[in-house]
Amino acid sequence: MSTLKRLNMVDSWFTRISQALARDKISTADNKDELRYAVRKINQFFYAEKPSADVVDKHADVIVDLLLSTSNGSDDFEFIAQIFNIIREILDCDKKTSRPLVKSLIRNDVCSFLLNTLRVVAEDRGLGQDISLQIHQILAAIGHHDKRLALKARLFKTIGSTISLLRIYSYNAKVCPVLLTLLKIYAKNAITAAAICRAAGLQPLLRLALTLDRRHAKLQRLSITVVRHLTQTKKLAARATTTTIVRDILAVVFLMDKSQGQNRVRTVKIKEGLLKVLLNIVKSKAGRVQFLEANGFYLLYELALNVLPSDYSCTFVDLSCQVLLHCCPKQQLPIDSIFSPVRFNLPQGYDYIVSNELLSADPQIAKDLDELREKCKSAIPTNERVSTADQRLRPKSSIGSAITRSSSATKCVTTASSVRPKSSKGTKLEKKKTEQKTVTKKKSVTNGTKYRQVPGLNSNNLDDQEDTGIRLVEDEELDDEDSSKSDDNDEEEDDEEDEISNKENVLDSSVPLPNDEQQTRDSVDLSRAYEQFFDEMVDPVYLLRSKMAQSILDPSTESLLSRLFRNILPSSLTLLSTQSAFSYWRMPLNLYFQTYSILAKSTKSAYRFTKLAYPDAFNAVSYARFEPMQKFDERNNRSTLLGDIRRIIYPTSIFNHTVYDFDTAVEHSVVTALDNDDEQRCQMRSSLDHLHFDSQFECGNLRKAVQITEEEYDLILRPDINTFRYHQWFYFEVSNMRHGITYRFNIINFEKANSQFNSGMQPVMFSVCDAVNGKPYWRRIGEKVSYYKNTYGKKKKVYYTLTFNIRFTYDNDVCYIAYHYPYTYTTLMTDIVNWSNTYDRSSIYFRQQVLCKTLSENDCPLLTITSFYNQNDVYHSEKQTIPMHERTYVMLTARVHPGESNASWIMKGIIDYLLSDEPTARLLRDRYIFKIVPMLNPDGVINGCQRCSLATKDLNRQWSAPNSVLFPTIYHTKGLLAYLSMCSSRPITLFCDFHGHSRQKNFFFYGNDPRLHFLGPAIGRSTITKIFPKLFTGVPGFALQSCLFTMRKQKEGCARMVVWEEFKIDFAYTMEATYNGFDAGLYKGLQIQISTLQMIGHDFCQVLTRLGEHEYKTPETIIPMEDLFVTNENHSQEKRATNGDEKRRSSSAVSSSSSSSSSLLSLTDGDVH
């Protein structure tokens, strides 16, 4: 019989079935016989010949209808079994053939029908058991397509029948894999997994998982996977510990490891699966107890140590280390308190901030206080009780201002009415109260996004809602992202702090304003406060020239420097870099040291400095040659971690000798003249046989050094002043070393879950002996660099270790080791002196002013750079046509986070370039007036902090309503922007805040896309924000794919969002620069250096020139008019286009964030990829 005839015959049988089903006379005997005949024929045909894709595609719905038609006659088991045979034959085919039937089965919810049938036939010991096996085979084949299958199995109570079959067919090579596959689908649901355990399903699974019979290796692997899912939560793991599972797993792993040769490699995957189960179990307290009682700690350590050299055992060693880390007793850091040893007294009325930090550092104190309050509560009259925790902790003088702050939190400093409302900042308690006033959120008709009413939108497109006076738009997918426990790469360095620390920042970042201070400032107040910083708007040239000579230094310091510079002229210019086309004067080392020493005496710190750091005082630079990134050695990382675990097993092998204690050193330090005698110390040898450490100098950070062995030292970093967190920046001196010995340094209290140290980054080191020999360079150094979770911490608080080896070149050298190239506050002041003495006074207007005083009374410099207007000045065959009073402004800020020293080096490159004689620099000065705040957090920089100011807060979360007392630099920098916005007709072309990023490579931007605001699309705002980052395409080191333009709620207090929101500056950015290096372009594979950072500053200026060219074009030539603004008509489509990227952004790592950003760039810029 030909193929065509056979296919026609099959079609005729299916036609007879469909006709019989259509007559709806299944109960008649003739109809049943007709169906049985057709089904039997189809069964015979499919048994003899595999069904084709065309036949299945054509008749899949008929098969499903036939199966569902038996729901009223389920007692005919033979007929049902024949239908199941047809389905099984199709499902056994390839995916392309079976796909139509699978879709039809899922679409018609056949899984529920099968589970119901399984419940009916489960009690039948005859044919019912065969049907049960067929049902399990079908469910195992299609179950992973039904996301609710586990729930359905629990509701239909069929889990017990599956487990019963597993006991019967435990070692059946055909049936058992089917049952295990189905149980794996069930066990992925935690509630269903608990039901399996209650049905005693764990015992037969363990019997399979712990078998040593090699004939059942496939069944063993499947059962191990199921057991791993059955122990996925702590409660499930605790239930599993009622058996001897831990002891049995250890015994099986140990016995498998005894096999030699090829068999050992074959059993690696099984051992890895068992360790994954063990890892789940030891996450529960009962599991850890059972593991330790079984002597598992020592046994697993020895096993991991034995297989460490093997290439095929990498995952096994990793899992062993994870299990051992979970079972290690949490060790306390060898310090008296995790709180900062340095305290700074805040202004009167703000002491409660430090008190709150103390309570957060030790939650037990807060718990004891709460218990004490409860005991005393009955003795206090009701009308005198204080309801909120803030009022209990704050002094009476600040309670009023706290109320004022909370009531005015939703206001913004802006002059124009916005088409989208502002959000309010506050604690979770305030958010809950706000949400109680709003009606239930409803879905938008357009795209399903959940909204509350937004002014400016057509009310017909949204559901009617109550007008409560609070109008917010909520995107659930972006809400409270920082509380998630994931190491996703984060949008900005602002986000990429530890999740716990970030959450604390969000909750308590609001600080009340002073009692006499209004959140909104009027034009009169702004003019009175800030017109002194804008003399270039009104003063004639001769008056401006006289003001340029004014210095920000105190008279005595200025007098000393004047005498120092009186007879010194720049005899020669020194090239900044071989890749730079311009030159600038670099002070000789002796002059630089004298200038630095004079200025350092005026620098005020929270604790006493005892010396000047040699590399800062002598103007150290980076190494003259490019330094490649180090290749990461995973095996070294594992051996290092096993070495730390060995300390716990054999504690007698370590010294635990404290060789440096910053807490004690600060208490006993005496007043000394700041100087540096490192060159003399290099000639001396100490009688002690251990390394010497020191960090009592500007920007220094090292709290304690403990000698572990003769060549190994544990180091502990100091937290930010008045806090107990933010451990990342380090900068310390080490001396008294011996040549030829490899020393190991372990910094044991990092907080971030990941670091670029695992991606090729190395610390930097400066050698005084090298400097004396004519090589005053910072160099990347360190071998076997690794970063991993350690055994220190308390409860949920965990720490991470950075470890690296250094082999010093000289005996008795004095070396400085830092996280990144340091740039101190005194270095900035020295550079300002250098700039003020070397620029071209005839054509450049360069003025230095003090914007404000910081909390510790240090000056916050404000620099103004532009050119004098000369109508006869010819440049590029064109006359200068923009008078000074008609130029627009560019506002640049940096170093709001003290540990991000790379931002200062980029800013130095920008200022160097703007003061140079480069043609593009002159063009920029002719076109713009630059207002530059090179260091927004001088106090944090001086005291070696990582993120916060002396007021314990992240300054880049205070821009919405900065407190003039606690955050003066932010308050007055925002005042400058407000003055230009409200009191001047001058537009601000661009605002950029410079940062450093510790988890990404390259440099990139974060901007503000009005379509990606967390409150919803900003109707009427321009979408041209992506133009400036696009202009960097082709610049060495720039990564367009890493740029992001989302506006998340956690960032609503940061600079770029507030500037964009309140002052309507579309070109408001954050530039992020890596600490590590580059993975693309000209610098691929190289670590970043000081010269590279300064070149980024030069490139920034050159690209800014290209942006200026766009200002003279019409908007239509840049972006089509329909894409230039967000409108009511097109915002829904844009939101849908970016919605998928936002979902991936909120649930993926940094790599997916970058790709999401790249796709968003292409929405308006199709020519850039």
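**Exercise 1. Classify two aromatic pairs.**

The structure holds 52 aromatic pairs. It is a predicted model: local features need pLDDT of at least 70, side-chain atom pairs count only at pLDDT 80 or more, and totals for chains, interfaces and linings use all residues. Residues are numbered from 1 along each chain as its sequence is written, and side-chain values use heavy atoms, with hydrogens and water left out.

Task: what is the geometry of the pair Phe 766 and Trp 778?

Solution.
1. Take the rule. Rings of Phe, Tyr and Trp (its six-membered ring) pair if their centres lie within 6.5 Å; planes under 30 degrees apart are stacked, over 60 edge-to-face, the rest tilted.
2. Apply it. The centres of Phe 766 and Trp 778 are 5.7 Å apart and the planes stand at 55°, so the pair is tilted.
3. Place the rings. Phe 766 sits in strand E12 (residues 764-767) and Trp 778 in strand E13 (residues 777-780), so the pair ties together parts 12 residues apart in sequence. Strands (E, at least two residues) and helices (H or I, at least four) are DSSP runs, numbered from the N terminus.
4. Check burial. Buried means under 20% relative accessible area, exposed over 50%, partly exposed in between (1.4 Å probe, protein chains only). Phe 766 is buried at 1%, and Trp 778 is buried at 2%.
5. Now take Tyr 928 and Phe 930. Their centres are 6.1 Å apart with planes at 75°, so this pair is edge-to-face. Tyr 928 is buried at 0%; Phe 930 is buried at 1%.

**Exercise 2. Describe the setting of Thr 1105.**

Task: which residues is Thr 1105 in contact with, leaving aside neighbours within four places in sequence?

Solution.
1. Locate Thr 1105. It belongs to helix H43 (residues 1090-1111).
2. Judge exposure. Thr 1105 has 5% relative accessibility, so it counts as buried.
3. List the contacts (heavy atoms within 4.5 Å). They are Thr 920, Leu 923, Leu 924 and Arg 927.
4. Add the C-alpha separation. Thr 1105 and Thr 920 are 185 residues apart along the chain, with C-alpha atoms 6.8 Å apart.
5. Look at the side chain. It reaches the backbone oxygen of Cys 1101 at 3.1 Å.

**Exercise 3. Examine an annotated residue.**

Task: is Glu 1072 buried or exposed?

Solution.
1. Start from the record. UniProt places the feature "active site" (unreviewed entry) at Glu 1072. Such annotations may be inferred rather than shown by experiment.
2. Find the element. Glu 1072 is in strand E25 (residues 1068-1074).
3. Decide. Its relative accessibility is 0%, so Glu 1072 counts as buried.

Note on methods
A polar contact is a pair of N or O atoms within 3.5 Å; within protein, one must be able to donate a hydrogen and the other to accept it, and residues adjacent in sequence count only if both atoms are side-chain atoms.
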